[in-house]
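Student: Could you take me through one part of this model closely, the places where helices pack against each other, and then set that part in its surroundings?

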Amino acid sequence: MDTCALRHPGLSVKRLIPLPCLPIAADSWATQETNTRSGADTWRCKECHGWDYLGRDGAYASGSHFTGFPGVADAAQSLSDEELLGVMKGETSADHDFSAVMPDVALNALVMLLKEGLVDVPQVINYETKAPVEADAAHGEELWNRLCTFCHGPDGRNINFGDDEEPEYVGTVAQENPQEFLHKDRFGQPGSDPEMPSTVDLGWSLQDVLDVLAFAQTMPTEPPDVSPSEHEAMEEEEEEVPDEANALVNPIEVTEDSIATGAGLFAATCSPCHGETGQGDGPLAKALAEPPANLHEDPVQVNSDGALFWISTHGVPDTPMQPWEQVFSEEERWHLVNFLRTFR
Ligand code: HEC
Ligand code: HEC
Ligand code: HEC
């Protein structure tokens, strides 16, 4: 997808700056012969300077992206804000003038990214193994389950960035291009639908992002293999809550405390899809293949407590309603049930 928008990289300010999608922005390409990019590729800074900000000294030292262009990491440190702005406006080289395609506000945002947003990528990623130098994949899995799974699914395969022939999932990017993963996880994917959030904006540390990278590198890169019979089995399963689950007795008394605990978990985790008041109208709802259930209505409320507990544990197979067994303790899931009952 061509991205013609830029997220303000400010740590506290969230703002999208729409940019024109012009075919060509600067003529630096004319200064080399090794690479023939076109379209939006020509003005995307990463095409010449790399996801790791190191240009020919980094991951783009070889491969299809090789250009011989310099990195920006040193200049980001040694040049002043004005000088960096000047470089982007063609003051040091007429071939590097982006002012015709990017408004000042966007160029200033880029200066801010250069000054405050870069990390020393080879310090934290081993370029030989492509793995983070130090990371806790189990902590990464926890973070994944709190945020990324809503769009990408538990194993990163809900969204395919490639096509049917050459699928590309989160696991693929994590394994093949950890530098890109690091940048996108930190700054999000401006202009994507639904918009991928920036974890820098959400207050994640660099270590948090590396932990998620380590976990994402364990994800499958092959398309899910669902044979017709398996598919049928899943569909059948979807209908049925097992009898013994239906009959389970709620062990947690319905108290104000229990409902408040459930409400807190719901607001943090379920409301992006089901909506703050459970009407099925959360901010992610429109982006989902299957609409989230309105939790006030009968098909849901007619369930026994045990059945609601089972659904909150196992999810609904083949829909965005994922299993929550790994995310919440048994007790927490019963608190959720007690809260869901307040919608009755
Ligand atoms: C088509 C390739 C290309 C693209 C796209 C490109 N640059 Fe550059 N950049 C260069 C080249 C070549 C140089 C070094 C010579 C020069 O100043 O023109 C450079 C130099 C720089 C420098 C100064 C480096 C130093 O050591 O002095 C900065 C900072 C920079 N670019 C930032 C950016 C930003 C930000 C973007 C995105 C808006 C961008 N560049 C897009 C090719 C590119
Ligand atoms: C609100 C939905 C949403 C959430 C939450 C989300 N993403 Fe994304 N993500 C997307 C979309 C949409 C794309 C762009 C897909 C495309 O380009 O076709 C994307 C793209 C990506 C890519 C880049 C793929 C590429 O090659 O362009 C990576 C890596 C990624 N996401 C990882 C994550 C991680 C890690 C998290 C959790 C921190 C996360 N995402 C959370 C929606 C989301
Ligand atoms: C990523 C979006 C998403 C999130 C997050 C989500 N749900 Fe759902 N939920 C759905 C969708 C979609 C359905 C409808 C599934 C279907 O088609 O049967 C659903 C259905 C349900 C149902 C009704 C199932 C039935 O068959 O009656 C319950 C109960 C439910 N969700 C509870 C929760 C709880 C509790 C949470 C938080 C722990 C939660 N959901 C989080 C998307 C989500």
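Tutor: Happily; here is a walk through the helix packing, followed by a ligand shell and two loop residues.

This is a predicted model, in which local features need pLDDT of at least 70, side-chain atom pairs count only at pLDDT 80 or more, and totals for chains, interfaces and linings use all residues. Residues are numbered from 1 along each chain as its sequence is written, while chains are lettered from A and ligands numbered from 1 in the order in which they are written.

The protein chain has 16 helices and 2 strands; helices (H or I, at least four residues) and strands (E, at least two) are DSSP runs, numbered from the N terminus.

Let's start with helix α16 (residues 330-340), which packs with helix α13 (residues 256-274) at an angle of about 95°, their axes being 7 Å apart. That makes α13 roughly perpendicular to α16. Axes here are lines fitted to C-alpha atoms, for helices over the stretch in contact, and angles run from 0 to 180 degrees between N-to-C directions. Angles under 35 degrees count as roughly parallel, over 145 as roughly antiparallel, 65 to 115 as roughly perpendicular and the rest as oblique. On the α13 side the contact is made by Ser258, Ile259, Thr261, Gly262, Ala263, Leu265 and Phe266, and on the α16 side by Glu332, His335, Leu336, Asn338 and Phe339. Two residues are in contact if their C-beta atoms, placed from the backbone, lie within 7 Å. By class, this contact of α13 with α16 has 6 nonpolar, 5 polar and 1 charged residues. Ala, Val, Leu, Ile, Met, Phe, Trp, Tyr, Cys and Pro count as nonpolar, Asp, Glu, Lys and Arg as charged, and the others, Gly among them, as polar.

Helix α15 (residues 305-314) also meets α16: their axes come within 9 Å and cross at roughly 120°, and the two are therefore oblique to each other. Asp305, Leu308, Phe309, Ser312 and Thr313 of α15 meet Arg333, Trp334, Leu336, Val337 and Leu340 of α16. The residues of the α15 contact with α16 divide into 6 nonpolar, 2 polar and 2 charged.

Elsewhere, the axes of α9 and helix α10 (residues 206-216) come within 10 Å and cross at roughly 130°, which makes α9 oblique to α10. Pro178, Phe181, Leu182, Asp185 and Arg186 of α9 form the contact with Val209, Val212, Leu213 and Ala216 of α10. Sorted by class, the residues of the α9 contact with α10 are 7 nonpolar, no polar and 2 charged.

α9 (178-187) also leads us to ligand 2, since α7 (149-152), α8 (170-176) and α9 each supply at least two residues of the shell around that ligand. Of the 21 residues around ligand 2, Cys148, Cys151, Ser192, Pro194 and Met196 come nearest; a residue is near a molecule or strand if its C-beta atom, placed from the backbone, lies within 6 Å of it. This shell has 14 nonpolar, 4 polar and 3 charged residues.

Finally, two loop residues. Tyr53, in the loop between α1 (45-49) and α2 (73-78), has a phi near 70°, a positive value in a residue other than glycine. Tyr53 is buried, with 25 other C-beta atoms within 10 Å. A residue is buried if 20 or more other C-beta atoms lie within 10 Å of its own, exposed if 12 or fewer, and partly exposed in between, with C-beta atoms placed from the backbone. Lys130, in the loop between α5 (121-124) and α6 (137-146), is partly exposed, with 17 such atoms within 10 Å.
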